[in-house]
Structures are given as structure tokens and as C-alpha cells.
Amino acid sequence: MTEVLSIVLGGGKGTRLFPLTQARAKPAVPFGGKYRLVDIPISNCINSNLKQIYILTQFNSASLHLHIGQTYNFDSFSMGFVEILAAEQTHEHTSWFEGTADSVRKNFIHFRTQNPSYYLILSGDQLYRMNLQDLLKKHRESGAAITIACTPVSREGANQLGILKTDKNNVITEFIEKPGPSKNISDFKVPSELKKDKSKGDEYLASMGIYVFNAPTMEECLNNELTDFGKEIIPMAIKKLKVNAYIFDGYWEDIGTIRNFYEANLELTTLKPRFDFYDESHPIYTHSRCLPPSKMNFSNMNQSIAAEGCIITNASITNSIVGLRTIIESGSSLNGVVCMGADYYETEAKKQQNADTRIPNLGIGRGTIVKKAIIDKNACIGEGCRIGVDDINRTDGNYGSYYIVDGIIVIPKNTVLYPGTII
């Protein structure tokens with residue numbers, strides 16, 4: 001499938017996922033204990049035998065570069081690659097990417113060397129598993145210039161998404177970007193006779209931000225100064241070209257906000273999660289770290305996930321994600337916690353230095369209780385801390401050593417919380 005060039009949009013500053021994007025690009029945010037968000041679209045491409053992949057990014061891309069370089073190395077016989085294209089100055093362009101469409105336009109110099117017949121545009125912050133070959137097949141059969149993957153959503157879910165109206169042949173006739181809660185979009189409802197599952201309350205079709213463009217169409221649509229696919233390019237194209245909808249009825253979640261991120265992570269711990277990482281026929285790939293198995297010493301884990309390399313001692317873990325290399329000391333309790341783990345283990349010499357300077361060791365100290373929180377990587381949480389335990393109204397904001405976003409406590413990367421801290 002060398003005729004298809006896959007492009008993963010890395011997003012901008014990732015303000016809605018801040019502070020998780022404080023020191024990394026949005027696609028590099030850890031997810032599910034051991035993965036990164038960018039692993040999802042890349043794995044969908046690989047599982048669909050689409051192995052010419054570019055990642056477009058411009059903010060805090062060092063962590064993403066490192067992950068991509070360590071993870072996705074194809075052999076020379078596959079003709080495949082996963083490469084990052086960060087914003088760069090050229091003789092033609094001296095500005096940063098100004099939007100999703102602008103990022104593609106400014107990289108045509110790289111894309112044209114591959115001579116693709118089709119461009120497949122993907123988002124770097126979504127959770128789903130899709131047969132992209134079927135998407136491409138339906139696109140070819142339809143004779144459309146552009147195909148947009150879309151999924152049924154409720155009225156509430158439509159607020160921050162692009163909403164489509166189609167005819168009986170799935171040709172898109174109208175498009176509205178992020179209508180919000182107050183705008184009347186009742187005329188965009190899917191007719192009941194076209195709904196696959198009439199018992200569901202998903203009455204609208206939302207764009208998933210996944211597009212297939214014929215290569216000449218992409219050149220034509222971007223031969224201007226318009227900067228964004230959803231707000232400008234797609235509405236313009238619908239008026240002039242045949243644009244089809246590809247209806248996807250599987251699980252899909254936009255990981256665009258802290259609440260979405262938190263809930264999507266914890267949904268993985270349920271008995272039958274809607275997104276299954278345990279599907280061997282369609283694996284999700286990530287960096288192979290060669291870590292030892294996790295070790296549980298006299299601990300109780302209930303409906304939780306522990307990644308590799310953890311050491312958990314005499315602790316109670318409920319409805320939580322325990323990320324790579326997490327050290328949890330005796331008497332600690334986690335409930336509804338997304339813990340991203342650590343990038344390294346501390347040496348005995350480092351632990352002694354910590355003791356001398358009264359800095360907590362990496363991980364979660366003795367007797368600490370954590371509820372409804374996200375703990376970013378390399379956090380040093382001392383003994384006897386109480387995080388999210390007291391049932392009080394929490395106001396969103398920056399509180400120095402932690403943030404509250406959407407009512408969820410977020411401990412940023414590399415944070416040190418001294419013994420006895422109460423949040």
C-alpha cells in the first residue's frame with residue numbers, strides 16, 4: 001500500500017490536556033500504564049498494512065521524538081517508516097504551523113517525494129481500533145474525492161465535535177464544527193430509518209477527524225491560505241466536491257480533555273472494557289523496555305492494571321492504573337488513580353542522598369492515601385500524604401505543586417510532595 005501516505009496530526013499546545021502537556025507533545029502523553037497516545041493511530045496503520053507514516057508536531061516534541069525513534073524501526077524490506085516532521089523554517093515558509101491544514105500544506109515538499117495516490121489524515125489523541133483498509137476500500141468504491149470517518153454521538157457529545165448531515169447514500173450535504181450546547185442542530189439528526197441501533201440515543205454523526213483525500217484533491221483543497229480542516233477545508237470541500245461519510249460503529253473516544261483522559265484510562269480497568277488491549281490479532285504497539293515483571297508483596301489489587309517493573313508492597317489498589325516502574329510502599333492506598341510511573345529506578349546511593357536531604361524517594365511513600373487523581377511520571381510522594389481523600393468542593397486551578405482540572409487532582413511530572421502533604 002505504498003500509494004497511501006498516512007499523516008498523524010500531533011496537535012498544537014494541547015491546552016485542554018495541560019498540565020500533562022507541560023513538558024511533552026499531546027501524542028506523547030502516557031496512556032494505559034505503558035503506552036503513549038500516538039501508539040493508537042500508528043498501530044491502526046501497521047495493523048492495516050499502512051507503513052508509510054508521518055507525525056506532524058511543533059510543541060514540546062523531544063519526548064515524542066525519543067519514543068518514535070526507540071519504538072518504530074521497520075526493516076529495509078518493508079519500505080516502511082514512521083518519521084516526525086516538526087515545524088521548520090524554509091525559504092517558502094518562515095512561520096509555525098497555524099492549524100491542521102496548514103501543517104499538511106507546509107510539508108507537501110516532503111509528501112510529494114512519496115508520490116501517493118491517497119492521503120490518510122489521522123488524529124494523535126484518540127482511542128479506537130479501526131480497519132483502515134476497509135475505510136480506503138469504501139472510499140475508492142464511492143468515487144468520492146474525500147471520505148470522512150464518522151461515529152454516532154449524543155447531543156451532549158456533539159458539543160465539541162464536527163457534526164455531519166448525509167443523504168441515503170452517505171454523501172455529506174452539510175457540516176457544522178463544534179456547535180456547542182445552545183445551538184439548535186435538530187435538523188442534523190440521523191433519520192430513524194438510517195440508524196443501525198434504534199435503541200441508542202446517539203442521534204448525530206460526528207467527524208472523527210479521520211479523512212481520506214485523493215492526492216490531487218488534497219493539493220486543490222490546500223491551494224489557499226485556509227488553516228484548519230474542520231473549520232474551513234471540509235465545509236468548503238462539501239460545497240464543491242463529493243464528500244462521503246464512512247460510518248464507524250465501534251468504540252471511539254476523543255482524549256481531548258483531562259476528564260476524557262482520566263475516564264478513558266479507568267474504563268480500561270473494568271471487567272469488559274470497551275477498548276481491549278488484549279486483542280492479539282490487532283495489537284497496540286509501543287516501546288519494548290525489557291523490564292522485569294511487576295511484583296506484589298502482600299497487596300490487594302481489585303479491578304486495576306499494573307504495567308511492567310512495579311514493586312507494590314502491602315498496599316490496597318482499587319480501580320486504578322499503575323504505570324511502569326511504580327514503587328508503592330507499605331500501607332498505601334490508591335482508589336480511582338491514574339499513576340503513570342517512572343522513567344527510571346533510583347539507585348541505593350540516590351536513596352541515601354534523598355534520606356540525607358529529606359526528599360521522598362521516587363514513587364508513593366508509606367501510608368499515603370490517593371483518590372481520584374492523575375499522578376504524572378517521576379513523582380516523589382512522601383509518606384503519610386492524603387491526596388483527594390477529604391470530600392470537599394474542589395475549584396479548578398493551579399495550586400503550585402498540583403493542579404485541579406475538571407475536578408480531578410493532577411500531580412505534574414517530577415513533582416515532589418513532602419511527607420504529610422494534604423491535598
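**Exercise 1. Decide whether Asn-319 is buried, partly exposed or exposed, and describe its place and its backbone.**

Solution. In this predicted model, Asn-319 has a relative accessible area of 25%. Buried means under 20% and exposed means over 50%, with partly exposed in between, so Asn-319 counts as partly exposed. The next step is to find its place, which is the loop between strand S18 (316–318) and strand S19 (321–322). As for the backbone, phi of Asn-319 is near 50°, a positive value in a residue that is not glycine. Most residues other than glycine have a negative phi.

**Exercise 2. Work out in which class of exposure Asn-115 falls, and where this residue lies.**

Solution. The relative accessible area of Asn-115 is 64%, and because exposed means over 50%, Asn-115 is exposed. Its position is in the loop between helix H4 (108–111) and strand S6 (118–123). Although Asn-115 is not a glycine, its phi is positive, at about 50°.

**Exercise 3. Describe the surroundings of Arg-24, beginning with its place in the chain.**

Solution. Arg-24 sits in the loop that runs between strand S1 (4–9) and strand S2 (30–31). With a relative accessible area of 4%, which is under the 20% limit, Arg-24 is buried. Turning to its partners, the side chain of Arg-24 makes a polar contact with the side chain of Asp-376 at 3.0 Å, while a polar atom of the Arg-24 side chain lies 2.8 Å from the backbone oxygen of Leu-20. Leaving aside residues up to four places away in sequence, Arg-24 touches several others, among them Val-29, Asn-60, Ser-63 and Lys-413.

**Exercise 4. Find which peptide bond is joined in the cis form at Pro-19, and say where Pro-19 lies.**

Solution. The cis peptide bond joins Phe-18 and Pro-19, with omega at about 10°. Pro-19 belongs to the loop between S1 and S2. Most peptide bonds are trans.

**Exercise 5. Judge whether the radius of gyration of the chain agrees with that of a compact globule.**

Solution. For 423 residues, a compact globule would have a radius of gyration near 22 Å, and the chain has 23 Å, which agrees. The C-alpha atoms fill a box of roughly 70 × 50 × 40 Å along the principal axes. To complete the picture, 52% of the 423 residues count as buried, and the secondary structure comes to nine helices and 29 strands. Of the contacts with a separation of 6 or more, 63% are between residues 24 or more positions apart.

How values were computed
Residues numbered from 1 in each chain as written. Predicted model: local features only at pLDDT ≥ 70, side-chain atom pairs only at ≥ 80, totals over all residues. Heavy atoms only, no water. Helix = DSSP H or I, 4+ residues; strand = E, 2+ residues; numbered from the N terminus. Rg over C-alpha atoms; globule rule 2.2 N^0.38 Å. Buried < 20%, exposed > 50% of the residue type's maximum accessible area, 1.4 Å probe, protein only. Contact = heavy atoms within 4.5 Å. Polar contact = N/O pair within 3.5 Å; in protein donor to acceptor, adjacent residues only side chain to side chain.
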